[in-house]
2 protein chains.
Amino acid sequence: MKLTKIRLYVEHPLGQGQILPLVRAQAHYLFDVMRRRPGDSVLLFNGRDGEWRASVAEADKRGGALEVLEQTAAQIDPPDLWLIFAPLKKARTDFIVEKATEMGAARIIPVQTDFTNAERIRQDRLQAHAIEAAEQCGGTFVPEVADLARLDRLIDAWPSDRRLMFCDETLAGAARGLASADRGKWAILVGPEGGFSEPERARLSTLPLAYPVSLGPRILRADTAAVAALTLWQIALGDWR
Amino acid sequence: MKLTKIRLYVEHPLGQGQILPLVRAQAHYLFDVMRRRPGDSVLLFNGRDGEWRASVAEADKRGGALEVLEQTAAQIDPPDLWLIFAPLKKARTDFIVEKATEMGAARIIPVQTDFTNAERIRQDRLQAHAIEAAEQCGGTFVPEVADLARLDRLIDAWPSDRRLMFCDETLAGAARGLASADRGKWAILVGPEGGFSEPERARLSTLPLAYPVSLGPRILRADTAAVAALTLWQIALGDWR
């Protein structure tokens, strides 16, 4: 019987001959849930060293160990791109984190805007979601999910060398001028479903490196807009070119 | 108190002075759930006549009626674009239908492929999902959701005047040649998560108007790929240009 492929994110450095001790939760997953036995293969990545094949060296209810055998894929880092969004209901927030991971964002920043319902987020849960998305989509990089920030403070402290693409439904023409913009450090800001407040709009307009883009003639939900904006950016400036 | 905006899809023709009788479920929603009273406004669309403002003319537990007052938005039809995809688990299939509606597909065709798990779909439920997505995203068009078709039969009967963009993870370069392709009738085929079978690949390669495109260096889930592919097409050939 062919075993389902397992890809696991680990924090340990990866390299030939490394021995990885397993914590109890990992051992439970590998040996009780997935029925792996000594000698079986597992794919590992840690966000830095690419993907490696390891085999079960020791299986134990309380732990066990893996031996790292050979590299199976090179590390692929995404462009230096942040995705900034206002959290939605739980399932759609999870969805945005999953999609941003698959689409190649390097950092995910949930923001509180004037018209965001003050939903709390669980940063640790969202970070675990990003890890799971990377495990499942074959990625070797896990974006960092930041703590909830206030949009006005984020803009006030905006780094002078980072460009910002933001989605403006009043524009015609998808990405006028985007393809000829400099690559380098970027962020995408997906507006909250209630729109920006006037003070937020005024603040955004003070950013010298802001690029408004249109996402077509229909109104998109924020989770759809996140994937569409990431696609647009990746085609124009990112690693889909 | 400001009432939440209500947008309803109806099948009735819309035009100034039209009286729309309400069926019991609509009356229940408007009067019991949303607490609308005679004189209150509701926005209506039917997929053909744009968006209209109507007011409650008569409220009744078993029915009632709306009077259509004025057009509030012109009809916007999407390009003649089909989205073809292999159904996934229920929530992700629902998601693809919702996203395809927002992104401007004209027709949504779920297909059974050689490597699709033979999940059944409920066409009526998916169609209702497309209607709800159009109601919520301000659209005036509702794509038709087709019954589950077999991919091999769909390809064998492929219309000679319809181009097909399909996502091929072995390619480099997002959309080579797409922007210079003819507009007109198109379809996007998003591959099943298990990939295409060899017979399916062979069949696809016989289509004279097929355009393979790449969706970047990371592997995308089928629902992500659907939104990304729709974005790519809309930018190159659709109504986002």
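In what order do the strands of the open sheet in chain A stand? The legends below take this view by view, for a predicted model.

**View 1. The open sheet of chain A.** Five strands, written 5 in the count, line up as β1-β3-β4-β5-β2 in chain A, and their pairing is mixed. At the edges are β1 (7-9) and β2 (19-21) of chain A, each of which pairs on one side only. Direction ignored, neighbouring strands of this sheet are turned by 40° against each other on average.

**View 2. Strands β3 and β4 of chain A.** Strand β3 (residues 41-45) and strand β4 (residues 51-60) of chain A run antiparallel. They are joined by 5 bridges. Which residue of β4(A) does Phe45(A) face? Opposite Phe45(A) stands Glu51(A).

**View 3. Helix α1 on the sheet of chain A.** Helix α1 (residues 24-33) of chain A packs on the sheet. The helix touches β3, β4 and β5 (63-73) of chain A. The direction of α1 makes about 75° with that of β5(A).

**View 4. The open sheet of chain B.** Chain B has an open sheet of 5 strands with mixed pairing. Its order reads β1-β3-β4-β5-β2. Why is one side of β1 (7-9) and of β2 (19-21) in chain B left without a neighbour in the sheet? These two strands stand at the edges and have a single partner strand each, so one side of each has no neighbour there. From one strand to the next, the twist averages 40°.

**View 5. Edge strand β2 of chain B and its partner.** β2(B) pairs with strand β5 (residues 63-73) of chain B. The sense is antiparallel, over 3 bridges. Within this pairing, Leu20(B) has Leu66(B) in β5(B) as its bridge partner.

**View 6. Helix α1 across the strands of chain B.** Three strands of chain B, β3 (41-45), β4 (51-60) and β5, have helix α1 (residues 24-33) lying across them. The helix runs at about 75° to β5(B).

**View 7. Helices α2 and α3 of chain B.** Helix α2 (residues 90-103) and helix α3 (residues 123-137) of chain B pack with their axes 8 Å apart. The angle is about 45°. That makes α2(B) oblique to α3(B). Their crossing is right-handed.

**View 8. Residues between α2 and α3 of chain B.** From α2(B) come Asp94(B), Val97(B), Glu98(B), Thr101(B) and Glu102(B). They meet residues of α3(B), including Leu126(B), His129(B) and Cys137(B). Also on the α3(B) side are Ala130(B), Ala133(B) and Ala134(B). By class, this contact of α2(B) with α3(B) holds 6 nonpolar, 2 polar and 3 charged residues.

**View 9. Where chain B touches chain A.** How many residues does each chain bring to the contact? Chain B gives 26 residues and chain A gives 26 residues. On the side of chain B that touches chain A, α2 and α6 (222-236) each supply at least two residues. The largest share there, 7 residues, comes from α6(B). By class, this side of chain B has 13 nonpolar, 7 polar and 6 charged residues.

**View 10. The two chains and their axis.** A turn of 180° and a shift of 0.0 Å along the axis lay chain B on chain A, with an RMSD of 0.0 Å. That is the relation of a two-fold axis. The same surface serves both copies, as 100% of the contact residues of chain B recur in chain A.

Note on methods: Residues are numbered from 1 along each chain as its sequence is written. Chains are lettered from A and ligands numbered from 1 in the order in which they are written. This is a predicted model: local features need pLDDT of at least 70, side-chain atom pairs count only at pLDDT 80 or more; totals for chains, interfaces and linings use all residues. Axes are lines fitted to C-alpha atoms, for helices over the stretch in contact, and angles run from 0 to 180 degrees between N-to-C directions. Helices (H or I, at least four residues) and strands (E, at least two) are DSSP runs, numbered from the N terminus. Angles under 35 degrees count as roughly parallel, over 145 as roughly antiparallel, 65 to 115 as roughly perpendicular and the rest as oblique. A crossing is left-handed if the near helix is turned anticlockwise from the far one by less than a right angle, and right-handed if clockwise. Two residues are in contact if their C-beta atoms, placed from the backbone, lie within 7 Å. Ala, Val, Leu, Ile, Met, Phe, Trp, Tyr, Cys and Pro count as nonpolar, Asp, Glu, Lys and Arg as charged, and the others, Gly among them, as polar. Copies are superposed by least squares on the C-alpha atoms of residues with pLDDT of at least 70 in both. Two strands pair if DSSP finds at least two bridges between them.
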